[in-house]
Amino acid sequence: MSRTRRTAIAGTALLAAALTACSGGSDGGSDGKGKDESKPKAPMAVSVNLTGDQVKAGQPVTVTVAEGKLAQVKVTDAKGAELPGKIADDGKSWTSERNAPAGAEYKVEAQNTDSQSATTQFKTSAADKVNKVSINITKGSTVGVAMPVSLVFDNPVTNKAEVEKQLKVTTSNNTEGSWGWIKDHSGNDRVDWRPKDYWKSGTDVKVEMHLNGVDSGKGGGMFARDYNTEFKIGKDRRVQVSLDTKKLSVTEDGQTQKTIPISAGTPGGKKASWSGKMVIMSKEGTIRMDSQTVGLDNAYDKMVDYSMRLTWSGMYAHAAPWNEANFGRSNSSSGCVGMSDANAKEFFAQSQIGDAFEVVGEGSKGNADIGNGYGEWNLSWDQWKAKSALSTAPQNG
């Protein structure tokens with residue numbers, strides 16, 4: 001007797017026919033009764049939802065077995081990287097945890113519980129449009145207790161829930177926090193992760209963005225890579241500016257470290273300061289400040305030292321020696337918080353990007369828009385959580 005067995009695989013169509021051949025019977029001297037034989041196993045037949053050389057990217061890979069149960073499925077790209085996945089409880093199918101990205105070639109290898117195996121492959125087409133992400137915290141940096149994780153997208157994101165599902169924040173002390181969707185000052189879509197309360201000093205933070213192969217939605221394109229960053233929370237430094245007393249106070253771990261006389265924005269118009277809870281966004285040092293860039297005509301155009309940004313619209317804390325006569329006496333600047341060269345130098349040196357910065361008192365023009373800097377701290381915890389695309393609460397834009 002001879003027997004040929006062959007393992008088969010199909011794309012979206014099942015190959016169910018067993019390719020076998022059998023010969024047998026009796027010779028002239030026998031009694032005409034052949035020996036019983038067990039029925040040969042049918043070849044392994046599986047289907048893959050993605051097949052061909054121009055597969056649409058951005059969907060999970062599903063492998064289904066026609067008979068029996070799957071024991072193992074391996075889906076690897078041309079570089080050998082595996083697409084993680086899971087076999088269903090009934091053993092009949094396997095689904096990838098992530099989508100197949102654009103412009104990739106994959107090999108599918110499946111094995112059933114009878115040790116039969118099958119292989120196939122497919123290629124995804126290139127993305128028509130690619131979306132990208134800008135991250136506010138560089139890898140390995142140390143930031144202050146008020147710094148949120150902020151992601152700004154190049155293109156619109158209408159599939160907000162699908163994108164948010166791929167974003168993960170892990171901390172060394174299980175810090176509670178939430179993502180929230182807002183419009184950046186640039187007009188681009190933005191999602192921030194804010195702790196419920198200010199971070200605890202010493203916390204280690206890891207952010208993973210498994211976006212490769214995720215579709216942004218209409219007009220946004222597909223993400224073509226993953227992103228990640230990790231950082232540490234530094235000293236618990238908080239700054240408060242009183243528009244009433246014209247003073248800036250710095251606390252560290254709850255203890256007042258220094259009080260500095262300042263002059264903030266002129267009350268009653270465009271030159272008033274923003275108020276509320278802000279964050280030191282960046283330490284920019286000596287920069288040129290031109291009033292025309294912030295809609296204040298020809299009010300000023302000068303080089304300014306020890307500058308630290310508080311809003312995208314141009315509110316800073318910085319040295320303002322030309323206004324020294326008003327420090328601690330009156331608010332007469334064009335919106336920024338100014339102080340002497342000596343105080344600004346020391347304040348700049350000791351401050352961290354991400355330090356909390358709050359402006360209180362009378363004479364402000366109110367809170368800046370949330371996306372004009374990091375204004376999420378002006379919202380209650382419940383208000384912030386409601387901005388998550390995965391929240392059951394109504395969305396506020």
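**Figure 1. Cys 336 in its loop.** Cys 336 sits in the loop that runs between S25 and strand S26 (337-339). The model shown here is predicted. Cys 336 has a relative accessible area of 8%. That value is under 20%, so Cys 336 counts as buried. Setting aside residues up to four places away in sequence, Cys 336 touches Ser 263, Ala 264, Gly 265 and Ser 273. Gly 314, Met 315, Tyr 316 and His 318 complete its list of contacts.

**Figure 2. The annotated pair, His 318 and Cys 336.** An unreviewed UniProt entry carries the annotation "active site" for His 318 and Cys 336. The two are spread over 19 residues of sequence, yet they cluster in space, with a largest C-alpha distance of 7.5 Å. Cys 336 is among the residues in contact with His 318.

**Figure 3. His 318 in strand S25.** His 318 belongs to strand S25, which spans residues 316-319. The relative accessible area of His 318 is 6%, so this residue is buried. Neighbours within four places in sequence are left aside here. Contacts of His 318 then include Met 289, Val 304, Asp 305, Tyr 306 and Ser 307. Also in contact with His 318 are Val 337, Gly 338, Met 339 and Ala 344.

**Figure 4. Thr 76 in strand S4.** Thr 76 lies in strand S4 (residues 70-77). Its relative accessible area is 12%, which means that Thr 76 is buried. With residues up to four places away in sequence not counted, Thr 76 touches Ala 81 and Glu 82. Glu 105, Tyr 106, Lys 107 and Glu 109 are also touched by Thr 76.

**Figure 5. A salt bridge between Asp 204 and Lys 232.** The whole structure holds 14 salt bridges. One of them joins the side chains of Asp 204 and Lys 232, with an N to O distance of 3.1 Å. Asp 204 is in strand S16 (residues 204-209) and Lys 232 is in strand S18 (residues 227-233), so the bridge ties together parts that lie 28 residues apart in sequence. Asp 204 is partly exposed, at a relative accessible area of 37%. Lys 232 is partly exposed too, at 35%.

**Figure 6. A buried salt bridge, Glu 252 with Arg 237**. The closest N and O atoms of this pair are 3.3 Å apart. Distant parts of the chain are linked here: Glu 252 is in strand S20 (residues 247-252), while Arg 237 is in strand S19 (residues 237-242). The two residues are 15 residues apart. Both Glu 252 and Arg 237 are buried.

**Figure 7. A salt bridge within helix H3**. Here the side chains of Asp 382 and Lys 385 meet, 3.8 Å from N to O. Helix H3 covers residues 381-385. Asp 382 and Lys 385 are three residues apart in this helix, so about one helical turn separates them. Asp 382 is exposed, with 54% relative accessibility. Lys 385 is partly exposed, with 32%. Elsewhere, salt bridges that share partners connect Asp 184, Arg 190, Asp 192 and Glu 376 in one network.

Key. Residues numbered from 1 in each chain as written. Predicted model: local features only at pLDDT ≥ 70, side-chain atom pairs only at ≥ 80, totals over all residues. Heavy atoms only, no water. UniProt positions renumbered as here; feature names shortened; annotations may be inferred. Helix = DSSP H or I, 4+ residues; strand = E, 2+ residues; numbered from the N terminus. Buried < 20%, exposed > 50% of the residue type's maximum accessible area, 1.4 Å probe, protein only. Contact = heavy atoms within 4.5 Å. Salt bridge = Lys/Arg side-chain N within 4 Å of Asp/Glu carboxyl O.
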